[in-house]
Amino acid sequence: MRINTAKICVLAVSIISFCGFVYAGEIQVSREPADKSVMEKIIINESPGQVISGTGTLGTSQLQRTKAHTEVSKKKPIETMNNTKPYVSSPDGTGDQKTK
Amino acid sequence: MSRIIARVFFVLFLFSLLIACGSGGGGGGAAPPAGGGGGGTQYGTIRLSNVSGVTIDEFYISLASSSAWGSDQLGSSTLSSGFYFDVANVPVGTYDARAIVLGALSIYHGDLYGFSVTANSTYNIVAGSGSFTGSIKIVNNTVGANIVALYVSPSSSPTWGSSQISSTIGPSGFQHLYYMPTGSYDVKVVWNVGPDTLSYGNTISSLSLLTLYVN
């Protein structure tokens, strides 16, 4: 089998350039520390006659409803820091096209 | 004499009846409900069960039709993981809820929209470890270049959207973005010199801060 040196070189260069193109530096993921004494499970003792009409789970959605917070938060040290702000999502189709 | 004593007892009886009526209802909430019958407004309870592993600092509920979250139901207290908190005497209707965690690294929220509160029953909202938004922090890791534009958009989106910064970020500076729905995001950094930096498929997790050092 003949090995085409030129093709191998082109492949190597393209792989290296792709890696360099994508590389953005160091990535670090930090998770919030858990409560010190976390109970395994919530045990809810229902009083007689009490009815649980439904259960829902909190979540995050790309389509968040925009409701104003009229009350000043208890403590928001993060929000008082410079260069810290809520993420602003843009609708699809706005801005430059991604070229992957 | 006995007639006077009888009158005094009668007045005392009326007075105690008045007090009993005034303190009716139950719990410890604000305005006591009118009870099950009577034909007035009916009430239910909203319960926030925290199994997230972290402390919830704020809890908001408001009618789905309302444009504001209103006041923090937790007041000056917080809700540790493993515990629940009841908001009693909630008029029946369709509600939205938001819980906020003011973490050591960032701030996060979890939402539930359009759930129904029915009469004389409890709606249970569960806040789990995956219920909250995440955050990203982009750090300029160069010694002499400025970030002039920063784009962060969901990987599913074909476009970059608008820039997340309004002023340039110098060397060692950063931009911290919070309240990001969890998922995969692409990041594009535009420098004042040199080519753009692109980073695809960065995972934003609940209650986590992703720090990206770009150069």
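Select chain B: its average pLDDT (the predictor's confidence in each residue, from 0 to 100) is 85, and 82% of its residues score at least 70. This is a predicted model, in which local features need pLDDT of at least 70, side-chain atom pairs count only at pLDDT 80 or more, and totals for chains, interfaces and linings use all residues. Residues are numbered from 1 along each chain as its sequence is written, while chains are lettered from A and ligands numbered from 1 in the order in which they are written. For the complex, the predictor gives an ipTM of 0.73 and a pTM of 0.76.

Colour chain B by pLDDT and go to residues 8–38. Over this stretch pLDDT stays under 50, and the model has 15 contacts for it beyond four places in sequence; two residues are in contact if their C-beta atoms, placed from the backbone, lie within 7 Å. Where pLDDT is low, the predicted coordinates should not be read in detail.

Now show chain B as a cartoon. Chain B has one helix and twelve strands, and the helix comes before the strands when read from the N terminus. Helices (H or I, at least four residues) and strands (E, at least two) are DSSP runs, numbered from the N terminus. Of the 215 residues in chain B, 39% are buried. Buried means 20 or more other C-beta atoms within 10 Å of the residue's own, exposed means 12 or fewer, and partly exposed lies in between, with C-beta atoms placed from the backbone. Among contacts in chain B between residues at least 6 apart in sequence, 68% join residues at least 24 apart.

Next, select the interface. Here 60 residues of chain A are in contact with 85 residues of chain B. On the chain A side, α1 (5–22), β1 (27–31), β2 (51–57), α2 (77–80) and β3 (84–86) each supply at least two residues. The largest share, seven residues, comes from β2(A). By class, this side of chain A has 20 nonpolar, 24 polar and 16 charged residues. Ala, Val, Leu, Ile, Met, Phe, Trp, Tyr, Cys and Pro count as nonpolar, Asp, Glu, Lys and Arg as charged, and the others, Gly among them, as polar.

Stay with β2(A) and add β6(B), residues 121–127. These strands pair in the parallel sense over six bridges; two strands pair if DSSP finds at least two bridges between them. Within this pair, A:T57 stands opposite B:V126.

Then select the sheet that both chains build. Its five strands run β1(A)-β12(B)-β7(B)-β9(B)-β3(A), forming an open sheet with mixed pairing. At the edges are β1 and β3 of chain A, each pairing on one side only. From one strand to the next, the twist averages 20 degrees. Axes are lines fitted to C-alpha atoms, for helices over the stretch in contact, and angles run from 0 to 180 degrees between N-to-C directions.

Inside this sheet, pick β7(B) (134–140) and β9(B) (174–180), which pair in the antiparallel sense over five bridges. B:K137 stands opposite B:H176 of β9(B). Also in β9 of chain B is B:Y179, a residue other than glycine whose phi has a positive value near 60 degrees. B:Y179 counts as buried because 20 C-beta neighbours lie inside 10 Å.

Finish at B:N89, in strand β3 of chain B (84–91). Phi of B:N89 is also positive, near 60 degrees, in a residue other than glycine. Is B:N89 buried or partly exposed? B:N89 is partly exposed, because 19 other C-beta atoms lie within 10 Å.
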